[in-house]
Structures are given as C-alpha cells and as structure tokens.
Amino acid sequence: MGLGKYLIIRLINALIVLSIVTLVVSALFVKVAEKDLQSRIQELVNAEYQSLTQRGRAPENVTAWQEERIAYYRHLYKLDKPYWWRVLYYAKRTITLDFGNTRVPIFGTERNVKNIIALALPRTILLFTSAQIIVIILGLLLGVKAAQMVGSVFDRALSILALVTTSIPMWWFGMMALLIFAFKLGWFPANSMPDPNLTGFAHVVDVVRRLVLPIFTIVFVLFGGWAWVTRNIMITTMQEDFIMAARAKGVPERKVIYGHALRAAAPPIVTMTIFSLLGSLGGAIITESVFNWPGMGRVYWIAIQTNEVNLVMGLTFISVALYLTGVIIADISYGFLDPRVRVGASARM
Amino acid sequence: MRWVDLKDSLSNFWFEFRRQKTGILGIVLLIFWIIIALGAPYITQPDIPDKWKTVWIDYPKTVPPTWTGVFSGVKEAPHLIIPPDELQKYVTQSENKIIIDIPYNMEYDVPPQDIVLMNISGKSKGRLRPVLSLKIKRPDGEEITLLQGFKIKGSTNIQIARDSNVRRRVLNWVKMKTGIQIDPNKEFEYMTTMDTLRVIFAKVTPDMLDKPQPLKGEYHIIYEIKLFKDTSVDISHAELVLTGRTYGYLGTDDKGRDLFAGIIWGSRVSLAVGITTAVLSVLIGIFYGVTAAYFGGWTDELMMRFQEFMASIPTLPILILLGTYFGGHIQLWQIVLLLAVFGWVGIARVARSMAYQIKEQTYVEAAIALGAGTGRIIFKHMVPQLLPYAFAQMALNVPGAVLAEASLSFLGLGDPTQVTWGQILHDAQVAGAAVNGYWWWVIPPGLAIALVALTFVLIGTALDRVLNPRLRRL
C-alpha cells in the first residue's frame with residue numbers, strides 16, 4: 001500500500017467520522033433547541049401584538065392573526081418540517097461548510113457564524129496557543145533536564161509539582177489568580193476586555209497586561225504534566241541499548257541526549273505537541289468564562305446558552321475537524337520520525 | 001486462583017507498595033477523605049443537603065471564618081444567637097407592654113452586621129395591631145431609637161441593617177449629635193450603602209459616618225412592644241440573632257450557608273462520582289479492547305472505528321449539550337453514566353494493543369485448541385492479565401472524573417439536590433467572589449477538589465510503578 005493510498009483511506013475515514021459526529025450533534029441539539037424556539041416564537045408573536053396594539057393597528061381577528069404569525073415563524077425556523085428532516089438539514093449544511101447566521105448577534109453586531117468564528121479564533125490563538133507553546137517549551141526543557149538527573153532533588157521536586165498541578169482545576173486556579181493578583185494586589189486588570197480608547201503601543205501594552213494572568217494560569221496548570229510525561233518517555237529511551245552504545249562510543253553526553261535520545265523519543269512527543277496545539281484552538285469553555293475572555297470557548301458557551309443551532313453546529317464541526325486533522329498529521333509524522341512504522345515507498349528504502 | 005495464592009500475591013503486593021512513599025501518602029489521604037465523607041452527618045448536621053437549597057436566614061451573609069482575626073489583628077464580632085429560653089430571662093411583661101432588654105457587651109473592633117429578632121408573632125382580633133419599637137442604649141449614655149410604631153403582623157423576623165427607615169433615623173441622630181451638614185447626594189449614598197450597625201456602635205465623632213471608630217462597652221438592646229385591646233404577642237419562640245462579621249471554620253456564602261458544612265458534604269459526591277466513574281469506564285474500556293483484539297478482523301475494524309468516533313467527539317461541549325438536553329440539570333447518576341460513556345475511549349485503545357500481545361501467547365492458543373468458549377478465554381485468560389494495568393488506570397482516572405464533575409457543576413449543570421464543590425464554586429463565580437475578594441469562598445472548595453485529585457494521582461502512580469514493573473522508572 002503506497003503512502004498516497006494510505007492517506008486517502010485515512011482521509012475518507014476521517015470524513016466519515018466527521019459526518020457521523022455532525023449528525024449526532026445535530027440530532028441532539030435540534031431536539032434541545034426545539035422547546036426553546038417554540039417559547040421564543042410565542043414571545044415574539046406576543047411582542048408583535050403588543051406593539052401593533054400600541055400603534056392602534058391591532059388585528060381584528062386575534063387568534064387567526066396569531067396563528068398566521070406563528071406559522072410564519074415556524075416556517076422561518078424550519079419547525080414546520082419533521083424532526084429528522086431538520087436533523088439532516090442542519091447536518092448537511094454544516095458538512096458543506098454553509099454555517100449560516102445566528103438569530104441574535106454575538107460580539108456586538110456579528111450574525112454570520114463564519115465571521116464570529118473568524119473573530120473568536122485569533123483571540124483564542126493569542127491566549128491558548130501562545131500559552132500552549134510556552135507550556136511545550138518549558139515542559140520539554142524541564143522534562144529532559146529531570147530525565148538527565150533521575151532521582152535528584154530537582155527531579156523529585158518536578159515530579160511532585162507535576163502531580164500537584166495536574167490535580168488542580170484550571171478554572172479554579174484562574175479564580176485564585178484573579179483573587180490574588182487582580183483583587184488583592186491590583187497588579188493586573190480583572191477583566192479581559194481591552195480598553196477601546198487605547199491605540200497603537202498603548203493598546204498592545206494593555207492587551208499584554210490582560211493576557212498575563214490567563215497565560216500564567218494555563219502555563220502553571222499544564223507545564224508540570226508535560227514535563228512529567230517528557231521525563232518518563234526520556235527515561236525509557238535512555239535505558240535502550242543504542243544509548244549505551246553511543247555512550248560507549250564516546251559521543252558527548254549533550255549529543256547523546258539531544259541527538260540520539262530526544263530523536264528516538266520524538267514520535268509520542270510530536271503527537272502530544274500536535275494534539276495540544278490543535279486542541280488549543282478550541283479554547284477552554286470554563287477558563288474563558290472565568291477570565292471573561294471572548295474566544296472560542298466563550299462563544300461555544302454563549303451558543304449553547306442561547307440555543308443557537310447554527311453556531312453550535314459550526315463550532316463542533318470545526319473542533320472535530322481539527323482533532324481529526326491532528327490524528328492524520330500525527331500518523332504521517334510517525335512515518336517520518338520512526339522508521340519502524342513507515343508505509344509506502346519510503347518503507348523500501 | 002486459590003485463596004492461598006491470593007493472600008500470597010496480596011502480601012507480595014503490599015511488600016512492594018509499602019516502599020512507595022507517595023503511594024502511602026495517597027492511602028493516608030484516601031482514608032482521611034473516606035472518614036470525612038462517611039462522617040459528614042456527624043461532623044456537621046444530617047440535614048445539610050436539604051437545607052442547602054434554602055437561604056439560611058439566621059446566618060451572616062458572605063462573612064469570613066472566625067480565625068481570620070488572628071492574622072489581621074482586627075477583632076470582628078462573631079455570630080451570636082440568644083435562644084428562646086435565654087431570651088425569656090430579659091423579658092418583663094406587664095398588662096399592655098412587653099419589654100425585652102438584652103444587655104450586649106460589644107468588645108470588638110467591628111460590631112455585628114445586623115440585629116435580628118426572629119420568630120415573633122402577633123395576633124389581633126380587631127384592626128389594631130401590636131406595635132414594636134427598638135432602642136439601643138449606649139455605654140456613653142446616648143440612646144438611639146431605631147424603630148418606632150412597627151406593626152407586628154403574623155409571624156415575622158425583624159431585621160434592621162438594611163431598613164431604610166432605620167438608616168434615616170440613624171442619620172438624623174448623627175446629624176443631631178455631631179451637628180454636621182450632609183449634602184443631599186451624599187445623604188442618598190448613605191441611605192443606600194451605609195453600614196448601619198457600625199455607626200450605631202461607633203464613638204460620636206464628626207466623621208463617624210465615613211470612618212466609624214468602635215465604642216466598646218455594654219449596650220442594651222431594648223425592644224418595647226405595646227399591646228392594645230384584643231391583641232397579643234407570642235415571644236415564646238422568639239430568638240435574637242446578632243449576625244456576626246465572621247462565622248465558623250470556613251465562613252459563609254451570600255445565602256448565609258455555612259461553607260464548612262458544604263465542603264464536608266461535597267466530599268461525598270466527589271468521591272462517589274470519581275470512583276464509580278473511574279471503575280466503570282476502565283471496566284468498559286478493558287472489555288471493549290479485549291473483545292476487539294480477540295475477534296480481530298472486521299469486528300476489530302468496526303469497533304475501532306466506533307472508538308475513533310467516540311474519541312473525536314469534544315467531550316465537554318457534548319456534556320454541556322446533554323446537560324441542557326436533560327433540562328439544565330444532570331442528576332448524579334446521569335453524570336456518572338455520561339462520564340463513563342466518554343471515559344473508556346483511551347483505555348480501550350491501550351487494552352486492545354495489550355490484548356493483541358496476550359492473544360499470541362501459547363496458553364491462549366492452547367485454550368482455543370482445548371475448545372474453550374469465547375467468554376471463558378476473554379474473562380478467564382485475557383482480562384486477568386490486564387488487571388494490573390486496569391487497577392492503576394482506575395486510580396489514575398479518578399482525578400479526571402472528579403474534575404469533570406466539578407466543571408459541570410461549576411457551569412451550573414450539576415445536580416441541584418446535592419451539595420458539591422463545583423456548585424459552591426459556581427455560586428462563588430456568580431457572586432463575583434474572585435473579584436470581590438471573598439477568598440474563603442473560593443479557596444477551600446478548589447483546594448478540596450485538588451486534594452482529592454492528588455490523592456488518586458499519588459495512589460495511581462504508585463500502583464502503576466508496582467503493578468507494571470516493565471514501566472518501572474527508577
């Protein structure tokens with residue numbers, strides 16, 4: 001089986017999974033949103049009636065008028081179609097990347113789902129992806145360092161720190177950071193919304209100041225786990241024969257670790273890197289709500305709260321697509337990094 | 001496996017485990033949590049979960065724990081309740097008058113938050129109602145009338161701190177005593193935000209409205225009830241609550257609920273959800289993986305596609321969606337079920353690859369050759385081999401489940417009939433506890449979550465090292 005064929009099979013596979021997930025979410029959420037929509041239609045019609053009466057243009061036959069309006073809105077929100085039709089309708093639209101509009105504007109005036117995501121994604125990248133990059137670099141450096149001196153005070157301290165920090169809920173740590181640094185000490189602003197009056201350099205400084213606490217929170221909670229996993233992978237690799245051979249050859253220790261061991265330990269680390277970087281694009285629903293950060297997680301939460309079918313579908317679709325992309329990239333990168341799992345032409349080399 | 005073997009392997013295991021210091025610490029912590037969880041009704045009161053849904057009227061709202069005074073050096077008035085039988089001692093009753101004169105020794109830097117007369121009930125046959133007035137006699141000889149002509153209808157509680165009439169009287173009294181002028185805007189501000197009791201218990205100074213200095217000494221809180229014809233007042237159940245500025249070991253939240261009781265009771269939910277979810281999801285994962293590996297071929301392919309599908313669903317958003325689907329609140333058993341449904345995925349993959357190795361072993365082949373059934377081979381020959389891995393994974397899966405339950409509760413989707421740490425934090429977030437500085441409301445629940453998670457991480461990593469010696473890392 002060649003690499004191309006393998007890739008195509010993986011891609012088709014991913015697309016099937018993506019469609020099924022979309023369909024399931026659609027089935028679930030159309031049901032959730034139905035009740036809410038019905039009561040909203042009732043409210044809308046009532047409000048319309050009120051405003052008409054106030055302007056002295058009350059309809060003569062009230063029940064008939066109401067029925068007509070309700071039917072209009074039911075048609076508008078596709079409630080007149082059967083349940084399965086709607087499920088398939090939303091799923092099909094989402095899969096064909098037609099995300100549609102939300103009913104109520106989000107982020108001020110924006111109603112187009114694609115534009116909302118285009119607004120939220122950069123903010124999430126600014127916060128989570130940059131935090132994730134710091135986490136990865138810090139975790140790798142500390143983990144390799146700890147693996148070099150197994151059993152030392154540094155190694156033990158790092159292990160304990162890792163065990164403790166992975167047990168902390170990130171959002172709680174965020175609340176604590178706000179409590180200490182924003183409330184008690186007043187070093188950083190408690191709100192993440194940048195000051196709209198500032199421009200240029202002052203604006204950048206303002207945004208950076210607002211970024212410090214959330215980034216600190218994410219890095220603190222995540223770096224320990226990364227360092228620990230890296231350490232464990234490195235230790236297992238360091239016990240392998242080829243490391244001993246390299247050392248016996250007289251290869252300098254630095255080169256043994258960064259050239260031989262880290263290269264051999266690369267596949268799982270690369271997988272972790274890919275998944276955490278892609279995962280960071282989805283944001284974090286709870287952490288963003290603690291810091292009031294208007295990113296992807298916050299949008300997701302608002303979307304579920306206000307029963308915006310289109311938005312929920314679009315966001316779920318994107319996060320699932322990102323995950324599956326990660327799986328495929330990881331699979332391919334394995335082939336390049338680890339000669340034992342090569343497929344296709346490169347396997348014959 | 002015979003009993004002797006089991007005993008032997010257990011003692012072997014314990015011999016190994018004993019040397020894992022972190023594991024022992026984990027066990028100690030686990031025992032601590034079990035004692036807390038089981039002892040919750042005895043440590044606090046047994047009716048906390050029911051009581052938790054209500055507002056605790058006779059408790060102070062959002063006050064820090066009592067021990068904070070030790071660090072800040074400011075003595076704040078603790079919560080004081082004068083129960084009905086003690087209150088009777090201060091009552092003098094005549095034919096048309098009841099006087100309750102309660103002496104109160106104010107020896108604190110910060111006086112109580114409120115003075116509440118609870119469960120006083122008046123009856124009248126005619127149109128006239130019994131009338132109550134409240135005076136405070138201060139150690140400097142001053143007397144402030146806080147209430148006058150207050151009509152008692154039915155059974156009521158009389159609070160004064162937020163009453164605008166009381167505030168007006170206090171303001172007038174201050175103006176009379178100090179002779180200061182207050183401009184109308186400022187006066188309006190005082191009317192809405194003044195800490196009434198601080199002023200009542202303050203030394204008479206020109207700036208007593210802005211910077212009240214406590215006047216320590218013996219005060220008298222005097223309730224006077226005038227009775228008219230055909231009216232009567234029942235004060236046999238009445239109690240006086242001097243709402244404290246501090247309360248209990250861990251303070252209270254904005255509904256006056258004792259956070260200490262909440263933390264204690266929350267441990268039950270956390271442990272129950274964490275352990276059940278972890279055990280369930282690991283068992284499902286192991287069986288799923290082993291079954292896929294045993295059958296292989298198309299079955300394996302299909303099962304792994306389904307596993308992939310489950311893995312690619314973003315868990316938290318779907319859980320939130322399902323939460324809304326269940327009407328905004330997920331019951332506890334539903335949370336456990338949902339977390340288990342999404343929790344087995346990773347384990348199934350590892351279990352499958354491990355089972356593939358086991359399947360190639362000669363004794364499995366021998367069992368197949370002997371004509372052993374599918375169930376027998378899976379349960380008797382393959383699953384036991386995976387048990388060491390399973391036990392370690394169970395412990396390591398608890399923290400995730402605990403955090404997930406707390407996260408759902410934090411979002412307000414938790415079980416409303418239970419007291420959980422996540423819900424306490426949810427209430428804290430709603431009340432803006434972090435930005436208002438209610439640290440006693442934010443720190444303990446999070447620490448508790450982290451500590452439970454840590455307990456199982458410690459046990460899990462120690463188990464992993466003992467039970468999976470292939471992965472042993474120094």
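Select chain A and chain B together: in this predicted model, the area buried between chain A and chain B is about 3900 Å². Carbon and sulfur atoms give 79% of that area. Next, pick out Trp171(A), Trp172(A) and Met175(A), the residues of chain A that lose the most area to chain B. Together these residues account for 15% of what the chain A side buries.

Now display the residues in contact across the interface. The selection should hold 45 residues of chain A and 44 residues of chain B. A search for salt bridges between chain A and chain B returns zero. For polar contacts across this interface, four residue pairs are found, with both members at pLDDT 80 or more.

Colour chain A by helix. At least two residues each of the side that touches chain B come from H1 (3-54), H5 (153-166), H6 (170-184), H7 (200-238), H11 (285-291), H12 (296-305) and H13. H1(A) provides the largest share of that side, 11 residues. Recolouring the side of chain A that touches chain B by residue class gives 33 nonpolar, nine polar and three charged residues.

Finally, move to helix H13 of chain A, which spans residues 309-337, and select Asn310(A) within that helix. Is Asn310(A) buried or exposed? Its relative accessibility is 14%, and because buried means under 20%, Asn310(A) counts as buried. To view its surroundings, show Tyr90(A), Arg93(A), Phe99(A), Gly100(A), Asn101(A) and Val113(A), which Asn310(A) touches when residues up to four places away in sequence are not counted.

Conventions:
Residues are numbered from 1 along each chain as its sequence is written. Chains are lettered from A and ligands numbered from 1 in the order in which they are written. This is a predicted model: local features need pLDDT of at least 70, side-chain atom pairs count only at pLDDT 80 or more; totals for chains, interfaces and linings use all residues. Side-chain values use heavy atoms; hydrogens and water are left out. Helices (H or I, at least four residues) and strands (E, at least two) are DSSP runs, numbered from the N terminus. Buried means under 20% relative accessible area, exposed over 50%, partly exposed in between (1.4 Å probe, protein chains only). Contact means heavy atoms within 4.5 Å. Buried area is the accessible area (1.4 Å probe) that two parts lose on being put together, summed over both. A salt bridge is a side-chain nitrogen of Lys or Arg within 4 Å of a carboxyl oxygen of Asp or Glu. A polar contact is a pair of N or O atoms within 3.5 Å; within protein, one must be able to donate a hydrogen and the other to accept it, and residues adjacent in sequence count only if both atoms are side-chain atoms. Ala, Val, Leu, Ile, Met, Phe, Trp, Tyr, Cys and Pro count as nonpolar, Asp, Glu, Lys and Arg as charged, and the others, Gly among them, as polar.
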